[in-house]
Amino acid sequence: TIRYPHFCIDMETGTGKTYVYLRSIFQLRQQYGLHKFIIVVPSIAIFEGVKSSVEELNPEFLKLYGETINLVDYRDSKNSVEDSVVAFTENPGISVLLITPASFNRASNRIFKSTEGGMDGTGLPYQRCGYTRPILIIDEPQTTLGGKTLSGLRIFNPLAAFRFSATHRQTPNLLFRLTPYDAFEQNLVKQVEV
């Protein structure tokens, strides 16, 4: 059994959770040299939102950090598994695999199967991702980590997992909490007047 630490970031809804975890990727790169990340999202709608955010924010990240995120859109049925895994594992910069649990929570998923080219004998697609020892960014863990997903994430051999949510069911190793009151006091969310 692969064990890895989990850390929680608790942020009120509407305060920029996606932005914070994308900036966290750059901070982890700068401070620790980490450059392989897997963002796990619960749905295709959130998947598309994260994808759009990365595209919109990459120019800002280039100004702030001198580099951008190489985002690999992984969907079990959309792209060639081999192309996605190669794009993720072989990019020397910040490489992020964007994935939903539906892509790895069944033994029939293509991530567990040999690819056409065999990936030069470097193992199955999930093993090749695991060789990079990625950091997991788990968006909405109360939804994402249902069923077999929590144990399924071990296939990626992660160094650590960072859980970002407003409504955690569990908060192992809570690193930061932005409560609704704090968000209101700091004018981070829209105020409602009655």
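1. Start with Arg133. Arg133 sits in the loop between H4 and S5. This is a predicted model. The phi of Arg133 is near 50 degrees, a positive value in a residue other than glycine. Its relative accessible area is 34%, so Arg133 is partly exposed.

2. Asn157 tells a similar story, in another loop. The residue lies between helix H6 (149-152) and strand S6 (160-165). Asn157 is not a glycine, yet its phi is positive, about 50 degrees. With 24% relative accessibility, Asn157 counts as partly exposed.

3. Now a glycine. Gly66 follows H2. The phi of Gly66 is positive too, near 80 degrees.

4. Look along H2 itself. Where does H2 kink? The kink lies at Leu57 and is about 45 degrees. The proline Pro59 comes shortly after that point. Leu57 is also one of the buried residues of H2. The others are Phe47, Val50, Lys51, Val54, Asn58, Phe61 and Tyr65. Note that Lys51 and Asn58 are on this buried list.

5. What covers the buried residues of H2? The cover includes H1, S2, S3, S4 and strand S5 (135-139). So helix and strand elements both take part, with H1 on the helix side.

6. Turn to the aromatic rings. The count comes to seven aromatic pairs. One of them joins Phe26 and Phe61. Their centres are 4.7 Å apart, and the angle between the planes is 45 degrees. That pair is tilted. Phe26 belongs to helix H1 (residues 17-32) and Phe61 to helix H2 (residues 44-65). The two are 35 residues apart, and the pair links distant parts of the chain. Phe26 and Phe61 are both buried.

7. A further pair is Phe112 with Tyr126. The ring centres lie 5.2 Å apart and the planes meet at 55 degrees, so this pair is tilted. Phe112 is in the loop between strand S4 (95-99) and helix H4 (125-131). Tyr126 is in helix H4. The pair therefore ties together parts that are 14 residues apart in sequence. Is Phe112 buried or partly exposed? Phe112 has 22% relative accessibility, and buried means under 20%, so Phe112 counts as partly exposed.

8. Some rings group together. Tyr19, Phe26, Phe61 and Tyr65 form one aromatic cluster. Phe61 and Tyr65 of this cluster are among the buried residues of H2.

9. Next, helix H3 (residues 81-90). Which residues of H3 are buried? They are Val81, Glu82, Ser84, Val85, Phe88 and Thr89. These residues cover an arc of only 160 degrees around the axis, so they lie on the same side of H3. Asp83 and Glu90 are exposed, on the other side of H3. The cover over the buried residues of H3 includes strand S2 (36-40), strand S3 (70-73), S4 and H4.

10. Phe88 has a charged neighbour. Lys36 lies over the face of the Phe88 ring, at 5.6 Å from the ring centre. Phe88 is one of the buried residues of H3.

11. Last, the cysteines. How many disulfides does a search of the whole structure find? It finds zero. Cys8 has 0% relative accessibility and counts as buried. Cys129 also has 0% relative accessibility, and Cys129 likewise counts as buried.

How values were computed:
Residues are numbered from 1 along each chain as its sequence is written. This is a predicted model: local features need pLDDT of at least 70, side-chain atom pairs count only at pLDDT 80 or more; totals for chains, interfaces and linings use all residues. Side-chain values use heavy atoms; hydrogens and water are left out. Rings of Phe, Tyr and Trp (its six-membered ring) pair if their centres lie within 6.5 Å; planes under 30 degrees apart count as stacked, over 60 as edge-to-face and the rest as tilted. Helices (H or I, at least four residues) and strands (E, at least two) are DSSP runs, numbered from the N terminus. Buried means under 20% relative accessible area, exposed over 50%, partly exposed in between (1.4 Å probe, protein chains only). A charge sits over a ring if NZ of Lys or CZ of Arg is within 6 Å of the ring centre and within 35 degrees of the ring normal. A disulfide is a pair of cysteine sulfur atoms within 2.5 Å. The arc is that of the directions from the helix axis to the C-beta atoms. Contact means heavy atoms within 4.5 Å. The bend at a residue is the angle between axes fitted to the seven residues ending there and the seven starting there.
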